[in-house]
2 protein chains.
Amino acid sequence: MTKPCIICVAITGSLPKKENNPAVPITVSEQVESTQEAFEAGATICHAHVRNDDETPSSDPEKFARLKEGLEKHCPGMIVQFSTGGRSGAGQARGGMLPLAPDMASLSVGSNNFPTRVYENPPDLVDWLASEMLTHGVKPEIEAFDLSHIFQAAKMAEAGKLAGTPYVQFVMGVKNAMPADREVFEFYIHTVKRLFGDDAPWCAAGIGANQYLINQWSVELGGHART
Amino acid sequence: MTKPCIICVAITGSLPKKENNPAVPITVSEQVESTQEAFEAGATICHAHVRNDDETPSSDPEKFARLKEGLEKHCPGMIVQFSTGGRSGAGQARGGMLPLAPDMASLSVGSNNFPTRVYENPPDLVDWLASEMLTHGVKPEIEAFDLSHIFQAAKMAEAGKLAGTPYVQFVMGVKNAMPADREVFEFYIHTVKRLFGDDAPWCAAGIGANQYLINQWSVELGGHART
Ligand SMILES: [Zn+2]
Ligand SMILES: [Zn+2]
Ligand SMILES: [Zn+2]
Ligand SMILES: [Zn+2]
């Protein structure tokens with residue numbers, strides 16, 4: 001491999017519960033412990049959600065603050081990425097932790113369907129989240145659930161709503177959104193290079209059963225992998 | 001050209017008003033008159049919305065019934081396609097005219113952003129609209145505002161939720177959705193042929209300033225054009 005491989009560890013996501021998998025870290029200290037293991041095994045970025053005590057997704061800035069503190073202490077130098085995804089809250093509550101100035105935060109720039117509902121990212125909320133990231137020096141990871149989301153990132157960058165070269169993550173395998181498809185995957189990469197230059201970084205995440213497959217494609221084609 | 005060119009005329013859309021363009025046909029009789037002109041000029045399909053008296057979009061089945069009657073009388077043999085788009089109503093009201101059994105109806109199978117809001121097509125509503133079309137023998141025109149919508153049509157066809165080969169329309173140039181992009185346009189065509197066979201029909205619509213450009217691409221690459 002010609003580039004160093006960035007491994008991004010998503011320690012929890014917002015959905016799996018202990019009843020599904022007793023190893024899922026739920027509390028902040030469980031999350032820090034589990035990230036430390038991944039960090040010591042070579043992971044570079046920690047993509048983080050937080051949970052309420054009843055295991056439901058949360059966007060409580062106080063919980064994010066404690067997680068960030070724990071990660072800085074136990075995983076020094078690791079890139080901390082907070083989720084602003086719609087499963088953890090609604091409206092501007094999704095970005096309430098951005099003043100904590102994590103290194104990165106996820107940013108969805110379009111809307112699409114999820115298994116049972118619409119994943120709603122209305123244009124004014126997208127713009128507000130992006131402006132909060134600009135204000136607090138947070139690098140967005142653009143979550144591309146569909147092809148137009150890459151073009152939307154380009155348009156936002158041109159308009160000065162994103163700083164620097166957009167960093168795009170392709171998300172595949174969510175039911176009712178984009179399936180894991182090799183030709184689309186390659187067209188995504190081609191589009192990123194066309195819009196952002198040949199050296200533009202990208203990463204990819206496969207949901208559920210597609211996780212391993214998408215990681216293989218990413219490593220093979222020069223992207224960063226998320227576990 | 002090797003195939004006959006199907007010209008699909010969208011007589012009104014749901015947004016332009018008489019104050020924007022005094023020639024916009026609003027009442028059912030204005031719509032029939034305007035469609036008849038296009039029919040006599042060679043248009044094959046009429047894509048129709050209806051309006052309330054104050055020019056706002058409507059999904060009133062009674063208005064659609066009068067429109068269908070007028071079109072059958074004045075444009076005999078023309079294919080009538082009703083819009084079930086989200087600008088004209090909410091939830092199942094969007095499909096309240098399907099029991100009138102028009103030849104075709106538009107069907108959005110995913111969600112995406114529009115200029116100022118989310119265009120919401122939740123999975124259960126999509127499935128209900130598709131089942132109403134099956135029940136009443138209405139051929140859907142799949143509105144692909146993004147790439148994943150073509151894959152979603154394939155999945156629905158496999159699951160028996162759509163009859164026959166899906167007929168896809170690429171929609172480009174809506175702000176915050178897919179822009180008019182030639183490489184994407186060609187990848188859309190490639191994807192339709194890969195998923196539905198080399199002979200699968202497709203058409204394309206460019207919104208606003210992109211209308212003429214998209215028509216040119218369609219005619220050049222073997223699709224049906226919408227005006
Ligand atoms: Zn990543
Ligand atoms: Zn996440
Ligand atoms: Zn058409
Ligand atoms: Zn329409």
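Donors are N, O and S atoms within 2.8 Å of the metal (3.2 Å for Na, K and Ca), and water is not among the atoms, so sites may look incomplete. This is a predicted model, in which local features need pLDDT of at least 70, side-chain atom pairs count only at pLDDT 80 or more, and totals for chains, interfaces and linings use all residues. Residues are numbered from 1 along each chain as its sequence is written, chains are lettered from A and ligands numbered from 1 in the order in which they are written, and side-chain values use heavy atoms, without hydrogens and water.

Me: Which residues coordinate the zinc ion (ligand 2)?
Reply: Buried means under 20% relative accessible area, exposed over 50%, and partly exposed in between (1.4 Å probe, protein chains only). One coordinating residue is buried at 4%, and the other counts as buried at 10%. Each binds through NE2, at 2.1 Å, and they are His47(A) and His49(A).

Me: How many residues apart in sequence are the parts that Glu141(A) and Cys203(A) tie together?
Reply: Glu141(A) (OE) and Cys203(A) (SG) are the protein donors of the zinc ion (ligand 1), 2.5 to 2.8 Å from it. Strands (E, at least two residues) are DSSP runs numbered from the N terminus, as are helices (H or I, at least four). Since Glu141(A) lies in strand E9 (residues 139-144) of chain A and Cys203(A) in strand E11 (residues 202-206) of chain A, the parts tied together are apart by 62 residues.

Me: What is the handedness of the crossing of H5(B) and H6(B)?
Reply: A crossing is left-handed if the near helix is turned anticlockwise from the far one by less than a right angle, and right-handed if clockwise. The crossing of H5(B) and H6(B) is right-handed.
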